[in-house]
Amino acid sequence: MSEAFIVTHDCPMPCLEVVFAKCKATERVFAVCTSCGCAWFEPQHETWAPGNLGNCVIDPKEYAPKGFVVASHSEIRKAGFESLIIEVQDGEKWAEDFDWYSNKFCVSPA
Ligand SMILES: [Zn+2]
């Protein structure tokens, strides 16, 4: 079974989960909320307090120009974010969500 790794249940927009993702173009690991589309490249510095978007990147074409996939545990560890994981969820569900989001907002022409 594949797994997805949750950073917080409370996206500050506010939405729900923020999940670790990997940019297909750069392989950089970041945190993303596919409800509002916000992404964070330095999740270790975020408070996730309601309304505090922190250092957030809003444009999906900027943070993942070729879309993004669910980041694996080893990729998250390599990025130094392992200690930020608060929960493990079903990776299939998030893979589908990320695919849909990537095709709709990252890859397709505006
Ligand atoms: Zn959100």
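A residue is taken as exposed if 12 or fewer other C-beta atoms lie within 10 Å of its own, and as buried if 20 or more do so. By this criterion G51 counts as exposed, because it has 7 C-beta neighbours inside 10 Å. G51 belongs to the loop between strand 4 and strand 5, and in the model, which is predicted, its C-alpha atom is separated by 25 Å from that of F68, a residue 17 positions away along the chain.

The chain contains three helices and seven strands, which follow one another along the sequence in the pattern β-β-β-β-β-α-β-α-β-α. The radius of gyration of the chain is 13 Å, and this agrees with the value near 13 Å that a compact globule of 110 residues would have. Along the principal axes, the C-alpha atoms fill a box of roughly 35 × 35 × 20 Å. Of the 110 residues, 34% are buried, and among contacts with a separation of 6 or more, 63% are accounted for by residues 24 or more positions apart.

The pairing of the strands can be followed from the N terminus. Strand 1, residues 3-8, runs antiparallel to strand 7, residues 87-90, and four bridges join the two; within this pair, F5 has V88 as its bridge partner. Strand 1 also pairs with strand 2, residues 18-23, in the antiparallel sense over two bridges, and here I6 stands opposite V19. Strand 2 is in turn joined to strand 3 by four bridges, again in an antiparallel arrangement, with K22 opposite V29. Strand 3 and strand 4 likewise pair in the antiparallel sense, over two bridges, and the bridge partner of V32 in strand 4 is A39.

Two of these pairings are hairpins. Strand 2 and strand 3 form a hairpin with five residues between them, whereas the hairpin of strand 3 and strand 4 has six residues between its strands. In the turn of the former, E27 has a positive phi of about 65° although it is not a glycine, and E27 counts as exposed because it has 12 C-beta neighbours inside 10 Å. In the turn of the latter, G37 has a positive phi of about 85°.

Further backbone features are found in other loops. W48, which is not a glycine, has a positive phi of about 60°; this residue lies in the loop between strand 4 and strand 5 and, with 18 other C-beta atoms within 10 Å, is partly exposed. In the loop between strand 1 and strand 2, where P14 is found, the peptide bond from M13 to P14 is cis, with omega near 10°. C15 is located in the loop between strand 1 and strand 2 as well, and counts as partly exposed because it has 15 C-beta neighbours inside 10 Å. When residues up to four places away in sequence are not counted, C15 touches C33, S35 and C36. The C-alpha atoms of C15 and T34 are 9.0 Å apart in space, the two residues being 19 apart in sequence.

In a regular strand the side chains alternate between the two faces of the sheet. For strand 3, both faces are covered, since V29 and A31 on one side and F30 and V32 on the other are all buried.

In soluble globular proteins, nonpolar side chains tend to be buried together. The largest nonpolar core of the model comprises 29 residues, of which V19, F20, A21, F30, A31, V32 and A39 touch the most other members. At least two residues of this core are supplied by each of strand 1, strand 2, strand 3, strand 4, strand 6 (68-70) and helix 3 (91-107), and the largest share, five residues, comes from strand 2. A39, the bridge partner of V32, is in contact with F30, A31, V32, C56, V57 and Y63 when its neighbours within four places in sequence are left aside.

Methods
Residues numbered from 1 in each chain as written. Predicted model: local features only at pLDDT ≥ 70, side-chain atom pairs only at ≥ 80, totals over all residues. Pairing = 2+ DSSP bridges. Core = buried A, V, L, I, M, F, W, Y, C linked by C-beta atoms within 7 Å. Contact = placed C-beta atoms within 7 Å. Rg over C-alpha atoms; globule rule 2.2 N^0.38 Å.
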